Structures are given as C-alpha cells and as structure tokens.
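Here is a set of worked exercises to try with the structure open in your viewer. Have a go at each task before you read its solution.

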Amino acid sequence: MQWVKLLGGLVGAAALLGLGIILGHFAIPKGAEPPAPSVSFAQDLDLEILETVMGQLDASRIRENLRELSREPHLASSPRDEALVQLLLQRWRDPQSGLDSAEASAYEVLLSFPSQEQPNRVAIVGPTGDILFSCRQSEENLTGEQGGPDVVPPYAAYAPSGTPQGLLVYANRGAEEDFKELQTQGIDLNNTIALTRYGGVGRGAKAVNAAKFKVAGVLVYTDPADINDGRSLPNETFPHSWHLPPSGVERGSYYEYFGDPLTPYLPANPSSFRLDPDTVSGFPPIPIQPIGFQDAKVLLCQVNVSVYNRLELRNSSNVLGFIRGAVEPDRYVLYGNHRDSWVHGAVDPSSGTAVLLELSRVLGTLLKKGTWRPRRSVVFASWGAEEFGLIGSTEFTEEFFSKLQERTVAYINVDISVFANATLRAQGTPPVQSVVFSAAKQIPSPGPGSLSIYDNWIRYFNRSSPVYGLVPSLGSLGAGSDYAPFIHFLGISSMDIAYTYDRSKTSARIYPTYHTAFDTFGYVDKFVDPGFRSHQAVAQMAGSVLLRLSDSLFLPLNVSDYTETLQSFLQAAQQYFGALLEQHSISLGPLVTAVEKFEEAAAALSQHISVLQKDTLDPLQVRMLNDQLMLLERTFLNPRAFPEERYYSHVLWAPRTGSVATFPGLANAYFRAMKAGAGSAAWAEVHRQLSIVVAALEGAAATLRPVVNL
C-alpha cells in the first residue's frame, strides 16, 4: 500500500477532501447502487477487472441482440430507427446494468429517398419508345424478408431526378481513365447511359467522371467477379451460400463529402445557417441508379433511366451513454458505432451494435454493483444517418469541436464487427498499434486450436517491422466509417476493429450481401459467424482496448510507432520524387531533418515514461505526459493544407492520389505538377505542401519534448 502514503504526500489532505467532494457530486449518480470503490490517483489498470469483463462477454447475448436489432429494416430517421433509439436509451438507463446517464440528441439533416409515388425505373426501349425490358424495382423475396413495406427499393442516395435516355456503353468501373479509353476507341459518349460496376472509384465519382464526358446517366451493378468469386447462379448464391443472389442491389450514398450537406462545418441545429439545396456541391451531377447483375447482363440496347429521388429534411438522432471517470473525468475515451442501415443491416451495422450493447451491459453491471469505475470517462455512441455520409458523427464533432479536441484520449470504432470469421482486421493511427497488439495477445482466437487473436492475425495480415520484426499489419484509416471526422477533422487517435475473411480464399471486395435486402439475421447466423464466437472475440478486443485506454495510469499510446510510418513516407518521397524535385530546386533536406527531430523527441519521451514508471509518481507530471501523448495527433492538423478537401486536415492521412505511399499533400501536388509540365506554377504548390509537412513534423516534435521547453 505504498501508494497511499505517496498520495497523501503529493496532494495533501485538503486536495483529497476536495477530490472526494467533486467525485461524490459528479462521478456517482444520485440514487445509484453501492458506490464504486475509491480510486486513487496512482491506481493503474486492474487486471482482475479486465479478466472479469473478458469472461462475462457472452456470445449468446450478442446473438440475441443482433436478432432484435435486425428484425426489421431501420433506415435513418424511419420509425424503426427511432424505436432503436429508445431501445438503446432503455438499456443504458437500466437500474441493474445501465450507465451513469444516457441521452439522445437529434439533428435536422438533409437526407435523400426514392419516391413512393414514382418508383425509379430502368428499361430497354425500342425505336418507337415501346418498353422491351424492365429491370427489377425490388430484390427477389427469397426468405420472406425482402418484400416488406419497409424495405427501401434500391436507389442511389442524393442522385438527382431525371429521365435520361440513350445508347448503353459499358464503362468498367467508371474511372476517368475508363471513359478516356472509350473515347480513344472512337465511341461517342454524348447522351449515352454508362453501365459501370462497383469498385475502383467511389460511388459518386462514377457520376462525376461520366458527366465530364457528356454522359447523360449512369447505372451501377455489383459484378459477381468482384464479390462472389464468379458465382452467379441461383443455386450457388444466398440462401444456399453467403454469395449475393442475382437480384441483389447495393444501395449507398452518392454524396461526395461527409456530414449534413446543408451545414458544412456547422452542427445541423435549428439556428444554424443552411445552404440552398439547389446550390449544394458534392451531389452527383447526373441521374444514377444501382441495379442487380441479373439485369445488368441484359442491358445491351437503348436504355431509359427514370430517377425520382427527393431530398427531405429529417430528424436523425445520436444516442450517447456516459460513464464518468473517477480521477480524470475530463478525459474521454469514445466508443462508437452507427445504428442506421439500408435495410435489415444485420452485418452492417447491427453486428457492431450487438457488440456495443453487450460490452456496455457488462461494464454497466460492474458499475451498478459498485465494483468498478474507470479512471477516465467513457462515452458510448450510437450514431445516426451514417449510411448517408457519416452524418451523425460529423454533426457531433462539429457541435463539440473544441471540447472533444481538448479532452478526447482516443476514438474506438466498431461498425461492422464481423465481415467473416477468419481473423482480426484492425485499422488505426500508429500510436494505437501497441494497445491493440497488447489486447490481441491476451485473448484466445475463436475456432479450433490454442492461438491468441494476435498469433492468428499474424498468419493472415503481417509486415516486417525494422523495430519489432514480423508483426500483424495495422491498416490505415480512410473515410469509410464514423472514425473519419475524429481523425481527419479533430486529430484524435482512432481505430476500427472487426473480424474478417481469409483473403487467400476469396477475392470479394466486401461481404457479398453488403447494403442489400439479403443482409439479415439468418445470413449472419448461418454463413457469417455461426455460434457468434467471432462477435464475442471482437467484443473482447474492443473491451480490452477500451479498459486499457480508460484505466491505465499512463496512456498506452506509443508515439514512437509513428517513426516507422514517417521513415517509410520519407524513403518513398526520396526514391520517387527526389530527383525531379531537385531539378526544380526543391530540397527534401528539411523533411529529412524534421523526421529526425520527431524520432529523437519520441524516443526521449518514451525513455521519460520508463523513468517515471519506476520513480515517484507526481500527479502533475503524469498528467502532463499523458497530455503530450493525447495531443500528438492534433499537431498533424492543418486546416488550410487541403482547401479543396472538406474536413480533411490531417497532413499524414488525407486522401492521396497515385500509388506512392508517402505524404499525401506532397504526393498529390507532385503528380499534378508533373501533368502540368515543366515551368508550371504547380511546382510552387509542391514546395508549399513540402513546407506544410515539415512544419507539422516540427510541431509534433516540439509537442513531445519536455513541456518546460518552448
């Protein structure tokens, strides 16, 4: 009990009394069950509590959660979506297993829906306008779940209305190069209808690219070669296997940005200024409609596309559940997952919500029993309207921008928790690698054998690290889920955790029934994760990471792991850009120096942590050090670096064109300058982007140095 004496000497009796009063007033809710045990400043992660949580996460409960969550379609802002808001509030306010508090907050956002009066239609028409063939307007009702009144017909959200008609051209994936290739072959694209397949470029980009070549409308289908390993016959697909049936159609948002389209950089509250919907940028410029591959192979003639989508202002809710921290209540560990789906959404996103509910139940039970309270505050979030463009999470970050930037330790995202049941798939910024690895090493892998999740993971996805040797590959974060505004807009260390499939056994770009009416509970129960052991493993992974971040005395964020990324980016820039940059009098020397400064500062901070862990624990020293770890990610933000990219401010993880894995702003400017030709002013932008990266790295190094050194 040495720390008790230490604590008395450090903060004094008065400080302890004040701390007790504060915690008594804010951390423990009135009318709660037995109060949580007192938590001292120096208390670290409790391994017994960690083991208790791991042991209580129940696969059968997750299965029942999923059954309830995916029982009916729950499109954003629909009655069933709002019913799930109430379900979450009920669970998080439960007197036996709830959290300290829970609340729902609605934003009025612009969503897009197909017209019920005039369904969207795709047809082949003859020379006199007679209809020779019509595509399906709904998917085949194979299990009795695809024909309900709440199953939204396939459509491209935010696509404009219109009735273009023209000759059909096949345009591969709808990339700009695909349309150029058609032109090269002498094909006149003016007023044609382009048939494209999913993948390659984003959904909305297909319409943007097509419009540049005067294409009148676009169709998008899911090719069996891209998602079914070539299988396309009814007896080879769902419900006989996990493969997409011929009538399956992938829905999705075709909005180019994320967040509410009418209130960029502002929360969609009643008082906020709204743009005119007729002038909003980021919507597809021409009508676009998704279809199934069953119909795609028939369309070889003149095609008529009728799109009657409409824009509507709707209320969409976020639900937040809070556990107040006992020592550092002003430091938040956020755990989020979106709630809305295109149809039943058993995999996307209800597999994640089922895990979220089980983890919050276990932690809430310990909280109500008075056996645990985290060091830092934990915030659980169920985001609304993610499918329309990460709307709920983006509005939340806009409304609480300063508060979140100042106080958030990390963001954990579990959207789709289980794509398939072969191996872990984790993505994140480099500092979270160590905490993810630590958790993965302690949890048994589902399935036969005695491997840990870590050892199983390294069999499927691995890389050679100059520091650690062979390790699992931690993927980088793009903008595919609700982590995007946290990392790109706020600069918060973020991660995404899921179980996925064996890439050596399938070429599928994602699980086959993605965003279709066949993504049902039965699909998950029979094909994706029978027994729900992978769901349980994800719950254990996410729970372990959350506890390590919320309860560890020193934040388990290893900033030195950024060094490998920076060295890799630097070497790629030197190898691919160095010679031509020198010809334009642009030196990479300052970048080399900046990376070295960062490496030295990160190593020194890691050494300082090691010393502090063995030395007398001064509360202010620990707090200052943790703030350095927490705030590192913010130092890579530059809101003026990419004015053409809305919300993207992180100079290391912004969108990157080209195949060179290096600093995105530098790479994008370099390739634009190459296209512009020698002597172009575009090389000045290359120099500017280089300076932006150098300044960010020097700022990061300064943040990691001792705080007494300005």
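**Exercise 1. Work out how helix α3 and helix α16 are oriented where they pack, and which residues make the contact.**

Solution. This is a predicted model, so you are working with computed geometry throughout.
- Start with the two stretches: α3 covers residues 59–69, and α16 covers residues 533–551.
- Next, take the axes, which are 9 Å apart and meet at an angle of about 105°.
- Angles of 65 to 115 degrees count as roughly perpendicular, so α3 is roughly perpendicular to α16.
- Finally, pick out the contact residues: α3 brings A59, I62 and L66, while α16 brings H535, Q536 and A539.

**Exercise 2. Which residues touch the most other members of the largest nonpolar core?**

Solution.
- The largest nonpolar core has 206 residues.
- Within it, F380 and F388 touch the most other members.
- Now zoom in on F380 and skip anything up to four places away in sequence: among the residues it touches are W92, L99, V319, L320, I323, Y335 and L546.
- The F380 list also takes in L356, L359, S360 and L363.
- There is also a second, separate core of 18 residues, with A194, Y198, F213 and V220 among its members.
- As background, nonpolar side chains in soluble globular proteins tend to be buried together.

**Exercise 3. How many disulfides does a search of the whole structure find, and where does that leave C135 and C301?**

Solution.
- The search comes back with zero disulfides.
- For C135, the nearest cysteine sulfur belongs to C301 and is 12 Å away.
- A disulfide needs the two sulfur atoms within 2.5 Å, so at 12 Å C135 is in no disulfide.
- Run it from the other end: the nearest cysteine sulfur to C301 is that of C135, and C301 is in no disulfide either.
- Then check accessibility: C135 is buried at 6% relative accessible area, whereas C301 is partly exposed at 40%.

**Exercise 4. Find two cis peptide bonds that end in a proline, and place each proline in the secondary structure.**

Solution.
- One cis bond joins F238 and P239, with omega about 10°.
- P239 sits in the loop between α7 (224–227) and β8 (252–253).
- Another runs from D348 to P349, with omega near 5°.
- P349, by contrast, is in helix α9, residues 346–369.
- These are worth flagging because most peptide bonds are trans.

**Exercise 5. What sign does phi have at N191 and Y265, and are these residues buried or partly exposed?**

Solution.
- Phi is positive at N191, about 60°, though N191 is not a glycine.
- Phi is positive at Y265 too, near 70°.
- Both get attention because most residues other than glycine have a negative phi.
- For location, N191 lies in the loop between α5 (176–184) and β6 (193–197), and Y265 lies in the loop between β8 and β9 (288–291).
- For accessibility, N191 is partly exposed at 46%, and Y265 is partly exposed at 43%.

**Exercise 6. Stay in the loop between β8 and β9 and describe the surroundings of L262.**

Solution.
- L262 is found in that loop between β8 and β9.
- Buried means under 20% relative accessible area, so L262, at 3%, is buried.
- Leaving aside neighbours within four places in sequence, its contacts are L110, F273, R274, L275, P277, V280 and L313.
- As a sequence-versus-space check, L262 and E108 are 154 residues apart in sequence, but their C-alpha atoms are 9.9 Å apart.

**Exercise 7. Which residues of helix α13 are buried, and what covers them?**

Solution.
- α13 spans residues 453–460, and its buried residues are I453, Y454, N456, W457 and I458.
- The cover includes the strands β15 (423–428), β16 (462–465), β17 (469–472) and β18 (494–500).
- Helices contribute as well, including α12 (433–442) and α16.

**Exercise 8. Compare the two domain spans that come from UniProt.**

Solution.
- The unreviewed UniProt entry lists "domain: Peptidase M28" at residues 318–526 and "domain: PA" at residues 167–252.
- Residues 318–526 are 34% helix and 25% strand, with end C-alpha atoms 31 Å apart.
- Residues 167–252 are 27% helix and 17% strand, with end C-alpha atoms 25 Å apart.

Conventions. Residues numbered from 1 in each chain as written. Predicted model: local features only at pLDDT ≥ 70, side-chain atom pairs only at ≥ 80, totals over all residues. Heavy atoms only, no water. UniProt positions renumbered as here; feature names shortened; annotations may be inferred. Helix = DSSP H or I, 4+ residues; strand = E, 2+ residues; numbered from the N terminus. Core = buried A, V, L, I, M, F, W, Y, C linked by side-chain atoms within 4.5 Å. Buried < 20%, exposed > 50% of the residue type's maximum accessible area, 1.4 Å probe, protein only. Contact = heavy atoms within 4.5 Å. Axes fitted to C-alpha atoms, helices over the stretch in contact; angles between N-to-C directions. Parallel < 35°, antiparallel > 145°, perpendicular 65-115°, else oblique.
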